[in-house]
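Thanks for coming. I will take a few minutes to walk through one structure. Please have it open in front of you.

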Amino acid sequence: MKKLTTLEEYIINAQNKFPGARGDLSQLLRDIALAAKIISREVNKAGITNILGLDGASNFHGESVKKLDLFANEQLQSALGRSNITCMVISEENEGVVRLSDESGKYIVYMDPLDGSSNIDISATIGSIFSIYMRPENKKHLTESDALQPGTKQVAAGYVLYGSSTIMAYTTGMGVQLFTLDPSIGEFILSDKEVRIPEEGNIYSTDEGSYIYWDEALKKYVKYCQAYDPETKRPYKARYIGCMAADVHRTLLQGGIFMYPDSSKYPNGKLRLMYECNPLSFIIEQAGGLSSDGKKRIMKIEPTSIHECTPVYIGSKGNVEKLESFFQA
Ligand code: FBP
């Protein structure tokens with residue numbers, strides 16, 4: 001019988017590798033896992049608990065908010081508020097920073113509580129995404145600008161997928177681990193260790209319905225993916241779940257590229273740098289892949305606002321480099 005390793009055990013073993021560690025980051029990951037279990041339970045019975053559909057309100061992005069968006073936001077914020085470890089939370093659902101624990105906590109957490117909202121009412125895969133930074137040292141009262149740190153400064157990041165099974169993936173800069181929730185025992189169990197993304201893949205993932213809004217370089221790259229050339233396993237397959245966390249998870253396991261470009265419809269792209277693109281870039285880079293805005297590394301972008309967007313091209317090294325070559329041409 002294969003020895004099962006729970007998330008709890010894995011976190012403690014990893015922490016023990018750092019004799020000086022106080023266990024704060026470990027507790028933070030546990031808090032996020034607890035919220036994920038509660039959200040997973042709600043998602044799994046969403047059709048019969050009146051939690052589907054719109055809440056009726058719009059958020060400050062001008063998007064109509066789903067009831068599950070708010071539920072997930074509340075669950076994650078209350079879990080992060082359990083221990084005095086998080087000083088500030090920046091959420092897709094809150095316009096400004098949310099201050100926790102009289103600001104004495106040492107971590108800043110960015111989150112997209114419910115990613116892929118358009119999939120909620122059709123019971124397709126949705127996710128939660130998180131990104132963790134240290135607070136600046138020797139600073140008592142923090143401002144929003146203290147949360148504006150490049151992705152290279154992340155101390156941990158990850159996502160949870162609520163799909164055919166509930167999966168939690170995270171990195172603390174020591175590779176990528178995947179855990180699968182066993183609802184019968186309420187435990188996340190280690191299911192994949194030190195995951196590596198394939199060097200090259202034959203899957204491209206983007207909303208092709210937006211083709212007319214794209215610039216020529218991207219149109220040429222997608223034509224390249226669709227061209228017939230068995231030697232380079234083309235034409236590639238097109239796959240698009242409509243939930244970035246899920247599309248990037250497939251890309252992590254099967255290789256290829258996920259793209260959400262800037263376009264005449266979204267001049268800066270649609271996806272958020274700090275709580276969608278940076279955390280998923282940290283995961284993919286830790287697995288040996290690349291993440292770019294078409295020209296430079298996503299994690300090198302110096303953020304100027306907590307909700308800013310960026311074009312994103314993320315996935316296998318070979319595919320992202322090929323994409324970038326079309327932008328340089
Ligand atoms: P939400 O976080 O509001 O769900 O928005 C992000 C997202 O749903 C991504 O997960 C997904 O990749 C993208 O938007 C889908 O956008 P579109 O509907 O334009 O294809």
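A word on sorting residues before we start: Ala, Val, Leu, Ile, Met, Phe, Trp, Tyr, Cys and Pro count as nonpolar, Asp, Glu, Lys and Arg as charged, and the others, Gly among them, as polar. What you see is a predicted model.

With that sorting, the lining of the largest cavity divides into 6 nonpolar, 3 polar and 2 charged residues. Among the lining residues are Thr206, Asp207, Trp214, Met259 and Lys265. The volume of this cavity is about 70 Å³, and a search of the whole structure turns up 1 cavity of 30 Å³ or more.

Now the sheet. It is open, has 8 strands with mixed pairing, and follows the order S4-S3-S5-S6-S7-S8-S9-S10. Which strands stand at the edges? Those are S4 and S10; each has a single partner strand, so one side of each is left without a neighbour in the sheet. S9, residues 176–182, runs antiparallel to S10 and is joined to it by 5 bridges. Leu178 stands opposite Asp192 in S10.

Two helices go with the sheet. H2, residues 24–44, packs on it, touching strands including S3, S9 and S10, and its direction makes about 165 degrees with that of S6. H6, residues 273–286, lies across S5, S6, S7, S8 and S9, at about 85 degrees to S6.

Last, one residue of S10: Glu187. It is partly exposed, with a relative accessible area of 28%. Leaving aside neighbours within four places in sequence, Glu187 is in contact with Thr6, Lys37, Thr180, Leu181 and Asp182. Its C-alpha atom is separated by 11 Å from that of Ile167, 20 residues apart along the chain.

Key: Residues numbered from 1 in each chain as written. Predicted model: local features only at pLDDT ≥ 70, side-chain atom pairs only at ≥ 80, totals over all residues. Heavy atoms only, no water. 1 Å grid on protein atoms, 1.4 Å probe; cavity = no way out; pocket = protein on both sides within 12 Å on 5 of 7 lines; lining within 4 Å. Points joined across faces, edges and corners; volume = space filled by probe spheres on them. Helix = DSSP H or I, 4+ residues; strand = E, 2+ residues; numbered from the N terminus. Buried < 20%, exposed > 50% of the residue type's maximum accessible area, 1.4 Å probe, protein only. Contact = heavy atoms within 4.5 Å. Pairing = 2+ DSSP bridges. Axes fitted to C-alpha atoms, helices over the stretch in contact; angles between N-to-C directions.
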